[in-house]
Amino acid sequence: MPTVEELYRNYGILADATEQVGQIRRQAIKELPQFATGENLPRVADILTQLLQTDDSAEFNLVNNALLSIFKMDAKGTLGGLFSQILQGEDIVRERAIKFLSTKLKTLPDEVLTKEVEELILTESKKVLEDVTGEEFVLFMKILSGLKSLQTVSGRQQLVELVAEQADLEQTFNPSDPDCVDRLLQCTRQAVPLFSKNVHSTRFVTYFCEQVLPNLSSLTTPVEGLDIQLEVLKLLAEMSSFCGDMEKLETNLRKLFDKLLEYMPLPPEEAENGENAGNEEPKLQFSYVECLLYSFHQLGRKLPDFLTAKLNAEKLKDFKIRLQYFARGLQVYIRQLRLALQGKTGEALKTDENKIKVVALKITNNINVLIKDLFHIPPSYKSTVTLSWKPVQKVELGQKRTTEDTTSGSPPKKSSAGPKRDARQIYNPPSGKYSSNLSNFNYERSLQGK
């Protein structure tokens, strides 16, 4: 098999006629697939993969087309050349080869991407995932989650295990290491769309309760402007819906409960004349409470007597006082938000100011529903709410809800449930916290941070 230089020399690429070099190079690339026969095909794939480093857009498109053409001849052989360069090639070649796979695989027909070919992609991807950057990891999860054989329950479970391994859930969490924190968040974001009633989030939820929640205030992040604590609590809330049987459920539920208490203040003490004894009222951080209360509500379903049997009477009384105080401020805030949004429709709701109010109303309504559940005697865990940053799932009358395929056969049919997390626009209110002094419950001020 000729080398790249020999192929170029055959077409005059190394000649002095520099004005013709571009044309001759492009012609050479077009002709390369002709050499892709038998044992030569992986070598041609290797050469074409190297040529992805070109900065000439026309040449780059030709290389992509040539790779796709030999992919259709022999997918396994082409993958051999691509993964050889991903594992051993220059950084620019590795980067572009990964992007080629992430964008082009989904365009190939089923007769090319057979089950055996998909198994090879998974096997080779596991080798690459032993040493990847955060961006490369996200791209490989995109590649693997798009494979038909991994869209079944067993396939998704494999992906969750891959992500858990990448997240290093066996290691002690270091909240002061930005890379450690960032890796956990990156991995968890990739895992969240994979969880379902049949693919449980238990390992991740357990790790968050045991390792992350106790260190919430110590978290550091390399991402400027990111409210890292709120980001963690959002991920925990999303995962809590799909948590299976947990070994140390009571212990972890208590940790979650204790963290919730930190954001649900006691009412200020009153002086003898009925005025507040303190200088200022506690601030209510609604975004944090929505996440923590939702997570507690989800896990509480698995141990419904936690509040009545696992807590002593004094602690339960303390919790009810906090709930009542929070609910009182909540009602004032909800009324003010509804009044501010009354009569506004269409374009009027799209202003930044009104977007904030709409999100705030979703958050406070959710908290209100969950608090009402916990005020039942005994506490109830029956209500369902949609987290404020999640799109509302609508099911038309007469339309059956889709269920997952629990076999290892063809992939399940999915309803259009909106874009995945990494593509979906999530509206993050400024600093993510809604706080206010109850003595002057003004919604404009309540949208400010701590």
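Reader: Is the crossing of H6 past H8 left-handed or right-handed?
Author: This is a predicted model, in which local features need pLDDT of at least 70 and side-chain atom pairs count only at pLDDT 80 or more, while totals for chains, interfaces and linings use all residues. Residues are numbered from 1 along each chain as its sequence is written, and side-chain values use heavy atoms, leaving out hydrogens and water. A crossing is left-handed if the near helix is turned anticlockwise from the far one by less than a right angle, and right-handed if clockwise. The crossing of H6 past H8 is left-handed.

Reader: At what angle do H6 and H8 pack?
Author: H6 covers residues 91-104 and H8 covers residues 134-145. Axes are lines fitted to C-alpha atoms, for helices over the stretch in contact, and angles run from 0 to 180 degrees between N-to-C directions. The two axes lie 9 Å apart, at an angle of about 25°.

Reader: How are H6 and H8 oriented to each other?
Author: The packing angle is about 25°. Angles under 35 degrees count as roughly parallel, over 145 as roughly antiparallel, 65 to 115 as roughly perpendicular and the rest as oblique. H6 and H8 are therefore roughly parallel.

Reader: Which residues of H8 make the contact with H6?
Author: Contact means heavy atoms within 4.5 Å. H6 contributes Arg94, Ile98, Lys99, Leu101 and Ser102. H8 contributes Glu135, Glu136, Leu139, Phe140, Lys142 and Ile143.

Reader: How many residues of the contact of H6 with H8 are charged?
Author: Asp, Glu, Lys and Arg count as charged, Ala, Val, Leu, Ile, Met, Phe, Trp, Tyr, Cys and Pro as nonpolar, and the others, Gly among them, as polar. This contact has five nonpolar residues and one polar. The charged residues number five.

Reader: Is H9 roughly parallel or antiparallel to H10?
Author: H9 (residues 153-167) and H10 (residues 178-191) pack at about 175°, with their axes 9 Å apart. That makes the pair roughly antiparallel.

Reader: Which residues of H10 does H9 meet?
Author: H9 brings Val163, Gln166 and Ala167. The residues of this contact divide into five nonpolar, one polar and one charged. On H10, they are Arg183, Leu184, Cys187 and Ala191.

Reader: What phi does Asp168 have?
Author: Asp168 sits in the loop between H9 and H10. Most residues other than glycine have a negative phi. Asp168 is not a glycine, yet its phi is positive, about 60°.

Reader: How many salt bridges does the whole structure hold?
Author: A salt bridge is a side-chain nitrogen of Lys or Arg within 4 Å of a carboxyl oxygen of Asp or Glu. Asp110, Glu118 and Lys148 are linked in a network of them. A search of the whole structure finds 18.

Reader: How far apart are the closest N and O atoms of Glu95 and Lys99?
Author: Both residues lie in H6, four residues apart, about one turn of the helix. They form a salt bridge. The closest N and O atoms are 3.3 Å apart.

Reader: Is Glu231 buried or exposed?
Author: Buried means under 20% relative accessible area, exposed over 50%, and partly exposed in between, with a 1.4 Å probe and protein chains only. Glu231 meets Arg189 in a salt bridge (3.1 Å, N to O). Arg189 lies in H10 and Glu231 in H12 (residues 228-240), so the pair ties together parts 42 residues apart in sequence. Arg189 is partly exposed at 24%, whereas Glu231, at 10%, is buried.

Reader: How many residues apart in the chain are Glu250 and Lys310?
Author: Glu250 and Lys310 form a salt bridge, with 3.8 Å between the closest N and O atoms. Glu250 belongs to H13 (residues 249-262) and Lys310 to H15 (residues 306-310). The pair links distant parts of the chain, 60 residues apart.

Reader: Which residues does the cis peptide bond join?
Author: Most peptide bonds are trans. This one has an omega of about -5°. Pro378 is in the loop between H17 (352-375) and H18 (443-446). The cis bond joins Ile377 and Pro378.

Reader: How many helices does the protein have?
Author: Helices (H or I, at least four residues) and strands (E, at least two) are DSSP runs, numbered from the N terminus. Buried residues make up 47% of the 450 residues. Strands number zero, and helices 18.
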